[in-house]
Structures are given as structure tokens and as C-alpha cells.
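Student: I have a protein model open on my screen and no idea how to read it. Could you walk me through some features?

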Amino acid sequence: MEVADIGVGFSSCPNDTFVFHGLVHGAVAPELAGGLSPVIEDIEALNDRAAGPAARRLPFTKLSVGALPELLDDYAVLDVGAALGRGVGPLIVGRRGRGGLANLADVGGRKVAIPGLRTTAYRLLQAFAPACTPVPMRFDRIMDAVASGACDAGVVIHEGRFTYEAAGLTCVADLGQLWEQATQMPLPLGVIAVGRWVPPDLAHAFAVGLRASVEFAWANPALSRPWIRAHAQELDDAVID
């Protein structure tokens, strides 16, 4: 098996850098590490890259679960590295006080900042909120857009889920909680996918290596912390954890 310049896409979220640290830095599967080329981008940028021209698609990439329906002809989901759970879903946030939104019904017809049209966050907004006007933007610009009044509300993901109050915002609705109540299942947020054109032996080796990377990260959490902090939007250790 020849490994050289294999693109691997994931986001700067601590969840992803925690998972990939050992693999990218050769702590596990050293036969792969030297040939991997990390592409660290916003999750919607990764979704768009996977849906775009074949020349830009990455062999291995993080994808939103919300993007999968249009991508499964070209990508298969690996059975390792997925982000899912309870109590970790996107939040709809708004401004406090006069002019703010009191509840989910108030979202109808409003301008709502979202982290992308292919994200799981937007699919949840479509499923549980009244019809609104989505305003796509990078996830790290959403809270400022709401605080400034450019948008009436926003759907926050990643670290923003834990820091919105410090930005003077309030939670209008917890979309993950709504999912859990409706389905009695944990919320699937993102997955690691492999291009269907990738040779099976390489796909298998990558999955084995990524599983080893996850296990290494849990066994040695302090080792990945500097790299996680170098890419995180919020540096507070409690938020990263």
C-alpha cells in the first residue's frame, strides 16, 4: 500500500483535533502519518468541498450528517470518529431583553444566522422551527451577527454552545434537546467519510489508524491539548473539555 499526499479534512473544533491528533502526528499508524495532508477548514467548507468538483474532493473528510443525503454516491461513512451524543446539539440564540425572541414560535419569519445550508444545525432548524430566512455565514461569526442586530437569531455550534451567554445572548431553543425528545435517540452531528474511489486497503488502514488515534487521545489527553488549543476558538479549558 502506497501512502503519499492523502488529503484528510476536519474542522478546528476541539472535538475533531482531539480525534485526529495522534494520527496526524504519528503517535499511531506511523505508516500513514507521513503521507497524510491535513486540511483544516470550517465544517461547511468541508461539506461544500465534498459536493463540489471532483478535483477538490478529499479522500477522507469530516462531513455534517445533514450533508450526507446528497453525498452518499461519492462517499461512504466510516464506523469510527463520528460526533454524536446527548446534550450537545445546536442552540438557537437571540438577544436579551426588549426586541429579543421569547420562544421558538418567535423565530418564524425572522432572519436567522446559520453555519451553512448543508450543516446538521440547519437541518434541525428546518425540522423544528417555523419557517424563517436563513443567513449562512461562518460559525464563528454568528454570535456577533446576532448581538449587532444584523440577524434576529442564530444557530450556534461548536464552542459557541457553551459561550453564548458571555456574548450577551440568551437561548431561545435547544435543537438537540428537541431531537432527543422527538426520537429518544442521541443526536448525530458529524461523521468521518471516505471517498468511494479510495482503494479498499487504504480505506481500511485509515479507519484502523483513526480508531487507534481516538483510543490514544482518551488514554493521553494532555498530549493533544496544546494542538487543540492552537486551533480552538475558545481557549478556556472547561469549554475545550
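Tutor: Let's go through helix packing, buried residues, salt bridges and backbone angles in turn. Keep in mind that this is a predicted model.

Student: Okay, helices first. How do people describe two packed helices?

Tutor: Two packed helices are described by the angle between their axes and the distance between the axes. Try it on helix H1 (residues 14-24) and helix H9 (residues 221-231): their axes lie 9 Å apart and make an angle of about 130°.

Student: What word describes how H1 and H9 lie to each other?

Tutor: Oblique, because angles over 145 degrees would count as roughly antiparallel and 65 to 115 as roughly perpendicular. So H1 and H9 are oblique to each other. The crossing of H1 past H9 is right-handed.

Student: Which residues make the contact between H1 and H9?

Tutor: On the H1 side, look for Pro14, Thr17, Phe18, Phe20, His21 and Val24. H9 brings Leu223, Ser224, Trp227, Ile228 and His231. Of the residues in this contact, seven are nonpolar, four are polar and none is charged.

Student: Can we zoom in on one of them, say Thr17? Is Thr17 buried or exposed?

Tutor: Buried, because its relative accessible area is 0% and the cut-off for buried is under 20%. Thr17 sits in helix H1. Apart from neighbours within four places in sequence, Thr17 contacts Phe10, Ser11, Ser12, Trp227, Ile228 and His231.

Student: Now a whole helix. Which residues of H3 are buried?

Tutor: A general idea first. An α-helix has 3.6 residues a turn, so residues three or four places apart point the same way. In H3, the buried residues are Ile43, Glu44, Leu46, Asn47, Arg49 and Ala50. What covers them includes strand E1 (6-10), strand E2 (36-40), E3 and E4.

Student: What about residues in loops? Where is Pro59?

Tutor: Pro59 is in the loop between helix H3 (43-51) and strand E3 (60-64). Pro59 is buried, at a relative accessible area of 16%. Leaving out neighbours within four places in sequence, its contacts are Ile6, Gly7, Tyr75, Ala193, Val194, Gly195, Trp197 and Val198.

Student: Next, salt bridges. How many salt bridges does a search of the whole structure find?

Tutor: Eight. To read one, check which side chains meet and how far apart the N and O atoms are. Glu41 and Arg49, for example, form a salt bridge at 3.0 Å, N to O. Glu41 is partly exposed, with 23% relative accessibility, while Arg49 is buried, at 14%.

Student: Do you have one that reaches across the sequence?

Tutor: Take Arg118 and Asp48, whose side chains meet at 2.6 Å, N to O. Arg118 lies in the loop between strand E7 (111-114) and helix H4 (120-128), and Asp48 lies in helix H3, so this pair ties together parts that are 70 residues apart in sequence. Arg118 counts as partly exposed at 22% relative accessibility, and Asp48 is partly exposed at 35%.

Student: And another?

Tutor: Asp74 and Arg57 form a salt bridge too, with their closest N and O atoms 3.5 Å apart. This pair links distant parts of the chain, 17 residues apart: Asp74 is in the loop between E3 and strand E4 (75-77), and Arg57 is in the loop between H3 and E3. Asp74 is partly exposed at 25% relative accessibility, and Arg57 is partly exposed at 22%.

Student: Which residues do salt bridges with shared partners join into one network?

Tutor: Asp48, Glu70 and Arg118.

Student: Last topic: the backbone. What should I look for in phi?

Tutor: Most residues other than glycine have a negative phi, and most peptide bonds are trans. Now look at Ala29, where phi is positive, near 45°. Ala29 lies in the loop between H1 and helix H2 (30-33) and is buried, at 14% relative accessibility.

Student: And what is phi near in Gln184?

Tutor: Near 60°, again a positive value in a residue other than glycine. Gln184 is in the loop between helix H7 (175-183) and strand E11 (187-195). Gln184 counts as exposed, with 56% relative accessibility.

Notes: Residues are numbered from 1 along each chain as its sequence is written. This is a predicted model: local features need pLDDT of at least 70, side-chain atom pairs count only at pLDDT 80 or more; totals for chains, interfaces and linings use all residues. Side-chain values use heavy atoms; hydrogens and water are left out. Helices (H or I, at least four residues) and strands (E, at least two) are DSSP runs, numbered from the N terminus. Buried means under 20% relative accessible area, exposed over 50%, partly exposed in between (1.4 Å probe, protein chains only). Contact means heavy atoms within 4.5 Å. Axes are lines fitted to C-alpha atoms, for helices over the stretch in contact, and angles run from 0 to 180 degrees between N-to-C directions. Angles under 35 degrees count as roughly parallel, over 145 as roughly antiparallel, 65 to 115 as roughly perpendicular and the rest as oblique. A crossing is left-handed if the near helix is turned anticlockwise from the far one by less than a right angle, and right-handed if clockwise. Ala, Val, Leu, Ile, Met, Phe, Trp, Tyr, Cys and Pro count as nonpolar, Asp, Glu, Lys and Arg as charged, and the others, Gly among them, as polar. A salt bridge is a side-chain nitrogen of Lys or Arg within 4 Å of a carboxyl oxygen of Asp or Glu.
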